[in-house]
Amino acid sequence: MPFPYKRVLVIGATSGIGEALASRFVEEGANVIAVGRRKENLEAFVHKHGRDKASAVPFDITEVDQIPNFAANITSTYTDLDCILINSGIQRGFDFSKPDTIDLGVVETEFKTNYLSYLALTKAFLPFLQSKQQESSLMFTTSGLALVPITRCPNYCASKAALHQWILVLRHQLRESKVKIVELFPPAVQTELHDEKHQPDIKNGRQIGMPLDRFIDEVYAGLSAGKEEVVVGNAADWYNAFEPQRQQVFKKTAG
């Protein structure tokens with residue numbers, strides 16, 4: 001089946017997975033609203049695809065108190081919005097065996113970016129989506145590290161694990177609605193997430209993981225197939241090892 005949504009808001013669209021998926025949505029016929037902090041990247045996205053297919057709104061999702069106004073402006077301007085992908089994320093390394101090296105301000109920013117802002121955005125946009133007569137969708141990018149952590153970035157792994165658990169509950173709570181909840185589980189992907197400028201302990205970080213174009217092909221195939229969980233690369237190995245059984249337990253407890 002083709003991708004069913006016609007107006008897609010992509011939050012975290014200035015680089016990497018977000019920018020590449022936003023471009024793929026445009027190529028497949030959707031109109032995309034790209035959101036992110038870096039205005040120059042957003043302008044480049046609109047220039048690349050044309051104003052008839054793409055628009056851009058600069059916004060920093062860590063300004064949580066501004067999210068209600070942001071959502072109200074988006075939904076009043078784009079009344080045909082039927083899909084939202086929240087993709088923003090940062091990753092930082094922490095070694096808690098060396099407490100003096102831990103900057104709790106950075107810890108807080110990472111958790112706010114990767115988790116709390118997602119909750120605030122969902123709260124702000126959900127009434128609009130619930131009011132629509134046709135199916136709409138909220139999509140979230142988590143990570144294979146939501147399932148199995150690695151030792152160099154514990155707070156990142158914890159934020160993605162928290163988001164994954166919350167998504168399971170959100171999907172259950174909205175099971176009678178027309179709002180479809182979709183979770184994307186990337187493995188490591190070759191993007192600027194691992195760049196040395198963000199994580200100085202990583203060298204040649206852009207070479208880590210799956211090539212971005214191959215990842216996008218697999219994700220889009222999963223979305224076009226109507227999957228609620230799109231698990232890619234070695235994240236699928238971890239997922240298949242235990243997650244289906246764990247979710248069966250969840251479904252029994254949720255009733």
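The protein has 7 helices and 7 strands, and what you're looking at is a predicted model. Walk along the sequence and you meet them in the pattern β-α-β-α-β-α-β-α-β-α-β-α-β-α. The radius of gyration is 18 Å, close to the 18 Å that the globule rule gives for 255 residues, so the protein is as compact as a globular protein of that length. If you box in its C-alpha atoms along the principal axes, you get roughly 50 × 50 × 35 Å.

What about inside and outside? Of the 255 residues, 51% count as buried. The accessible surface comes to about 12300 Å², and carbon and sulfur atoms own 52% of that. Look at contacts with a separation of 6 or more, and 65% of them are between residues 24 or more positions apart. As for charge, there are 28 positive and 30 negative ones, and the mean positions of the two groups are 4 Å apart.

**Aromatic pairs**

Now for the rings. A pair of aromatic rings is described by the distance of the centres and the angle of the planes. This structure holds 11 aromatic pairs, and here are two of them:

| Pair | Centre to centre | Angle between planes | Kind |
|---|---|---|---|
| Phenylalanine 3 and tyrosine 220 | 5.9 Å | 40° | tilted |
| Phenylalanine 140 and tryptophan 166 | 5.5 Å | 80° | edge-to-face |

Start with the tilted pair. Phenylalanine 3 sits in the segment before β1 (7-11), while tyrosine 220 belongs to helix α6 (residues 212-224), so the pair ties together parts that are 217 residues apart in sequence. Both phenylalanine 3 and tyrosine 220 are buried. They also have company: ring pairs link Phe3, Tyr5, Phe25 and Tyr220 into a cluster.

The edge-to-face pair spans another stretch of the chain. Phenylalanine 140 is part of strand β5 (residues 136-141) and tryptophan 166 is part of helix α5 (residues 154-173), so this pair ties together parts that are 26 residues apart in sequence. Phenylalanine 140 counts as buried because its relative accessibility is 0%. Tryptophan 166 comes in at 19%, and that makes it buried too, because the cut-off is under 20%.

**Histidine 164 in helix α5**

Helix α5 is also the place to find histidine 164. Is histidine 164 buried or exposed? It is buried, with a relative accessible area of 1%. Which residues is histidine 164 in contact with, leaving aside its neighbours within four places in sequence? The list runs Thr142, Ala146, Leu147, Glu183, Phe185, Glu229, Glu243, Arg246 and Gln247.

**Two loop residues**

Next, a couple of loop residues. Isoleucine 150 lies in the loop between β5 and α5. Its relative accessibility is 37%, so it counts as partly exposed. Not counting residues up to four places away in sequence, isoleucine 150 touches Leu145 and Cys157. How far is isoleucine 150 from threonine 113, C-alpha to C-alpha, and what is their spacing along the chain? The two C-alpha atoms are separated by 19 Å, and the residues are 37 apart along the chain.

Glutamate 63 sits in the loop between β3 (54-58) and α3 (67-77). At 39% relative accessibility, glutamate 63 counts as partly exposed. Why does that value earn the label "partly exposed"? Buried means under 20% and exposed means over 50%, so 39% falls in between. Glutamate 63 and lysine 112 are 49 residues apart in sequence, and their C-alpha atoms are 9.4 Å apart in space.

Terms used: Residues are numbered from 1 along each chain as its sequence is written. This is a predicted model: local features need pLDDT of at least 70, side-chain atom pairs count only at pLDDT 80 or more; totals for chains, interfaces and linings use all residues. Side-chain values use heavy atoms; hydrogens and water are left out. Helices (H or I, at least four residues) and strands (E, at least two) are DSSP runs, numbered from the N terminus. The radius of gyration is taken over C-alpha atoms; the globule rule is 2.2 Å times the number of residues to the power 0.38. Buried means under 20% relative accessible area, exposed over 50%, partly exposed in between (1.4 Å probe, protein chains only). Contact means heavy atoms within 4.5 Å. Accessible areas come from the Shrake-Rupley method with a 1.4 Å probe; for residues, only the protein chains shown count as cover. Lys and Arg count as positive and Asp and Glu as negative; His and the chain ends are not counted. The place of a charge is taken as NZ of Lys, CZ of Arg, CG of Asp or CD of Glu. Rings of Phe, Tyr and Trp (its six-membered ring) pair if their centres lie within 6.5 Å; planes under 30 degrees apart count as stacked, over 60 as edge-to-face and the rest as tilted.
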